[in-house]
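User: I would like to go through this structure step by step, with the terms explained as they come up.

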Amino acid sequence: METYDVITGNDAVAWGARLSRVEVIAAYPITPQTTIVEKLAEWVDKGEIDARYIAVESEHSAMSAAMGASAAGARAFTATSSQGFLYMFEMISWAAGARTPVVMAVVNRALGPPWNIWSEHTDALMARDTGWIQFWASNNQEALDSIIQAYRVAEDKKVILPAMVMLGGFVLSHTAMPVRIHDQDKVDQYLPPYSPPHYVLNPKLSEPFAYGNILFPWDYAKVRLSIQRAMENSVDVIKKAAREFQEIFGIWHGDLIKEAYTDNAEMLIFALGAVAEQAEATAELLRKKGYKVGVVKVRVTRPFPKHEIAKLANKVSRIIVIDRDISFGWDGILAGEIKATLHEHNVDTPVTTKIMGIGGDDILPDHIEKAVKEVYNK
Amino acid sequence: MSEIPDNHLILPISKPTKGAGGKTGSWRVFRPVILEDKCIKCMMCWMYCPEAAIEAHSRNEVPKINYDYCKGCLVCKEVCPVSAIKSEREGE
């Protein structure tokens, strides 16, 4: 039965995993992710969900266990943040190469030193080259729904890649909002049980074999190219998953991007996750003040929505990219990606990077308004 | 070079087969040698060999080392309870 509740982003993620009928959860606690897996552990303990919970000694092992479960044909889930994410990094790359469609929630948190537990996007953006599909949730409902959509996309026979769903630490993870918890039957209709089309590492089902032994360069390149092809396939799969989600649940979070106030806009703001949600609220205020500002939530950073972004960028005269992250010695990470996209598509709209909210500093409408006014009449 | 296959799911799967990695015996520096008159046919060497390069078909026979694949790790020499395996440097 469909219900409504006021829950945190982390509880919403746990509900997303529960409704997706995850079968194996392997995780190690880290702030601000911990309450996701605590909630799931509680449900497993009470027998409310039919899943195996593996308490591991590190994030590296968490991903290893999740990957092993997925290779054996189970729907696997894990969650992490920041330092734990980096500790897991070797296995993050491996999970994509192993073609294990694990779904992981990444609660974005700044990296040390100095120690900091608050929101920043640099952690997950570091993994944009690993072969994972990357979703960014901008509110708690989207966090829940993106977990379900992520499984749908990751397990699609044309894709078979792992997917991560990001949500801002504390801004979403520990902030309660009204969330619709969907009817289980509807979710089952949207997301059928996982049925691996490629291999099942299970001695009861097949002859023994090994995955990923050494290959010489030419054969290695063929295998790695197939990851690129799967990423290319995922563009249409993500769009279809978003459309069908809307048909069944009546909710539209966007597909690779979500537009707001982009009609006849002269300037566009690009941002990720909750920052984009804040930019959308600010754009509403700025429109009333006569500024023709639109917002593009970049909902997926891999595959990167190049065509969609170039098309929108071509219609405006100014672009601001708000980055709650930085690639030291280069630029805001999203800004860098957007500049490369525009160059590739011969769009010469000037792009201004605004790096804000590093280490969890609040990004308020005043800050966004100031940034817009600085660039708007230039 | 052949044409690049255009497939989104190319899987590096390997099935166990004899000598999949080539004749790894050429890696060997030390050669284990079973002393037939000392061997008690306990099969400890056969069980511990990490490369399955020791062949034994019955408890009545002295096991045989397959030098095509034995890498010379000498685990067999270590585990032999009656010191019936000696080692010789290759090429001497």
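The questions and answers below deal with a sheet and with two domains.

Analyst: This is a predicted model, in which local features need pLDDT of at least 70 and side-chain atom pairs count only at pLDDT 80 or more, while totals for chains, interfaces and linings use all residues. Residues are numbered from 1 along each chain as its sequence is written, chains are lettered from A and ligands numbered from 1 in the order in which they are written, and side-chain values use heavy atoms, with hydrogens and water left out.

User: Which strands stand at the edges of the open sheet of chain A?

Analyst: Strands here are DSSP runs (E, at least two residues; helices are H or I, at least four), numbered from the N terminus, and two strands pair if DSSP finds at least two bridges between them. The seven strands of chain A follow the order 3-2-4-5-7-6-13 with mixed pairing. Each edge strand has a single partner, so one side of it lacks a neighbour in the sheet, and these are strand 3 (52–55) and strand 13 (300–302) of chain A.

User: Which residue stands opposite Gln134(A)?

Analyst: Strand 6 (residues 133–136) of chain A runs antiparallel to strand 13 of chain A, and two bridges join them. The residue of strand 13 of chain A that faces Gln134(A) is Arg302(A).

User: How many salt bridges does the rule find across the interface of domain 1 and domain 2 of chain A?

Analyst: The domain bounds, which come from an automatic or database domain assignment, are 3–249 for domain 1 and 259–376 for domain 2 of chain A. A salt bridge is a side-chain nitrogen of Lys or Arg within 4 Å of a carboxyl oxygen of Asp or Glu. Across the interface of these two domains of chain A, the number of salt bridges found is four.
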